[in-house]
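These are my notebook entries on a single structure, set down in the order in which I looked things up. Each entry takes up one place or one kind of contact.

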Amino acid sequence: MTRFYTGLPSFAIFLWLYNYLSSKCFRMTYWRGEGQTSSSDRLRMSPSCLRPIDQLFAVLMRLKVGLYVQDISERFQISSASFSMYFSTWISLIHAELKFLNPFPSKDIITRTMPESFKAKYPSTRVIIDCTELFIQSSSSLINQSLTFSSYKHHTTVKFLVGISPSGVITFVSDAWPGKTSDRQLTEECGLLDLLEPNDSVMADKGFTTADLLEKRQCFLNIPPFRGTSGQFSTDEVFKTQEIAQLRIHVERSIRRVKNYHILEGTIPLTMVHFITEIFQVCCWLTNLDYISTC
């Protein structure tokens with residue numbers, strides 16, 4: 001039931017996460033809204049109704065099961081305002097601490113953990129990338145509606161670029177961008193290219209027309225070939241398309257695992273959009289904890 005309620009692979013991993021965060025959580029300043037929360041790190045402002053370990057459990061339930069605030073408040077016998085305060089504060093703490101544990105890995109780590117399927121054909125692969133979108137509530141502002149409307153999803157969305165290592169670990173998650181942003185612009189401006197080194201290669205889908213951006217950094221792009229003027233693929237192009245599809249499907253699977261956190265389902269209300277970057281990145285990094293249990 002630990003995985004069902006928290007998304008973590010075992011109760012031992014839940015305790016490990018709490019113990020890792022516990023030294024910081026006792027010095028948290030709980031979020032009470034703009035203008036009412038000091039940015040300085042100091043002792044908690046008032047005694048809490050819930051023990052910190054229960055606060056963490058409630059927050060993970062909100063992320064994984066997607067329960068409404070009022071539902072969780074009833075279960076833990078606290079007010080909705082108290083849980084909202086816990087949620088905002090713990091998301092900020094978890095985000096800061098897991099970000100430290102999930103840096104973009106060095107080329108040496110990528111090479112040492114690379115599966116044989118990549119070593120055989122694409123040994124220079126540093127990251128496999130894809131974009132994903134989350135529905136958000138439409139703003140009353142026509143300008144914001146225009147910026148966030150996705151012609152692909154036919155809805156207002158926020159967009160993320162997600163990168164994984166050849167071994168399947170999520171190694172890069174961009175900030176949230178308006179849904180109108182193209183894959184090329186997002187790749188160019190999200191900061192991923194600054195992390196690459198000469199002779200690295202990036203694997204992606206056909207929509208990522210970024211070969212020229214990578215060439216400027218002495219890197220390479222591996223995408224399925226485009227059909228030429230002949231109207232059909234050659235035998236070599238068919239094989240290359242199949243090879244890349246079989247390898248890059250792992251990033252799609254990783255994104256599906258992230259979206260098992262049901263808080264990301266449906267339409268994100270505007271009240272959550274201001275920290276949707278932190279929520280999505282936390283969900284991504286929590287899925288990486290699956291690899292702890294398999295080590």
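Entry 1: a charge and a ring. I began with R62, whose charged end sits over the ring of F87, 5.7 Å from the centre of that ring. I note at the outset that the model is predicted. I then listed what F87 touches, leaving out residues up to four places away in sequence: V59, R62, L63, I263, F275 and I279. R62 itself is among the buried residues of α3, and I turned to that helix next.

Entry 2: helix α3. I found that α3 runs over residues 52-65, 14 residues in total. From first C-alpha to last, α3 reaches 20 Å, close to the 20 Å expected at 1.5 Å a residue. Is this helix mostly covered or mostly open? I recorded it as mostly covered, with eleven of its 14 residues buried. The buried residues are P52, I53, Q55, L56, A58, V59, L60, M61, R62, L63 and K64. I also looked up what covers them: the list includes α1 (2-6), α2 (11-25), α4 (69-76), α5 (80-101), α12 (270-273) and α13 (276-288). After α3 comes G66, with a positive phi near 75°.

Entry 3: the nonpolar cores. I looked up the largest nonpolar core and found 64 residues in it. The residues with the most contacts inside this core are L63, F87, W90, L264, I279, F280 and L286. Helix α5 supplies the largest share of the core, nine residues. Apart from this core lies another, of 20 residues, including F104, L192, F208 and I223. As background, I noted that nonpolar side chains tend to be buried together in soluble globular proteins.

Entry 4: aromatic pairs. How many aromatic pairs does the count give? I recorded nine. In the pair F11 and F14, the ring centres are 5.9 Å apart and the planes stand at 25°; this angle is under 30 degrees, so the pair counts as stacked. F11 and F14 are three residues apart in helix α2, and therefore about one helical turn separates them. I noted the general rule as well: an α-helix has 3.6 residues a turn, so residues three or four places apart point the same way. The two rings are nevertheless recorded in separate classes of exposure: F11 is partly exposed, with a relative accessible area of 49%, whereas F14 is buried, at 6%.

I then took up the pair F160 and F280. Their ring centres are 4.1 Å apart and their planes are at 20°, so I entered this pair as stacked too. The pair links distant parts of the chain, since F160 is in strand β3 and F280 in helix α13, 120 residues apart. F160 has a relative accessible area of 0% and is buried; F280, at 1%, is buried as well. I had already met F280 among the residues with the most contacts inside the largest core.

I closed this entry with a cluster. F4, Y5, F11, F14, F57 and F76 form one aromatic cluster.

Entry 5: T157. Strand β3 covers residues 155-164, and I found T157 in it. Why does T157 count as buried? Its relative accessible area is 0%, and buried means under 20%, so T157 meets the cut-off. The side chain of T157 makes a polar contact with the side chain of E133, at 2.7 Å. Leaving aside neighbours within four places in sequence, I listed its contacts as E133, L134, F135, I136, T148, S150, W177, P178 and G179.

Entry 6: E188. I located E188 in helix α9 (residues 183-189). E188 is partly exposed, with a relative accessible area of 41%. Beyond residues up to four places away in sequence, E188 touches L193 and L213. I also noted that E188 and L214 are 26 residues apart in sequence and 9.3 Å apart in space, C-alpha to C-alpha.

Entry 7: positive phi in loops. Although H154 is not a glycine, its phi is positive, about 55°. I placed H154 in the loop between β2 (149-150) and β3, and recorded it as exposed at 61% relative accessibility. N199, likewise a residue other than glycine, has a positive phi near 75°. N199 lies in the loop between α9 and β6 (201-203).

Definitions and conventions: Residues numbered from 1 in each chain as written. Predicted model: local features only at pLDDT ≥ 70, side-chain atom pairs only at ≥ 80, totals over all residues. Heavy atoms only, no water. Helix = DSSP H or I, 4+ residues; strand = E, 2+ residues; numbered from the N terminus. Expected span 1.5 Å × (residues − 1). Buried < 20%, exposed > 50% of the residue type's maximum accessible area, 1.4 Å probe, protein only. Contact = heavy atoms within 4.5 Å. Polar contact = N/O pair within 3.5 Å; in protein donor to acceptor, adjacent residues only side chain to side chain. Core = buried A, V, L, I, M, F, W, Y, C linked by side-chain atoms within 4.5 Å. Phe/Tyr/Trp six-rings, centres within 6.5 Å; stacked < 30°, edge-to-face > 60°. Lys NZ or Arg CZ within 6 Å of the ring centre and 35° of its normal.
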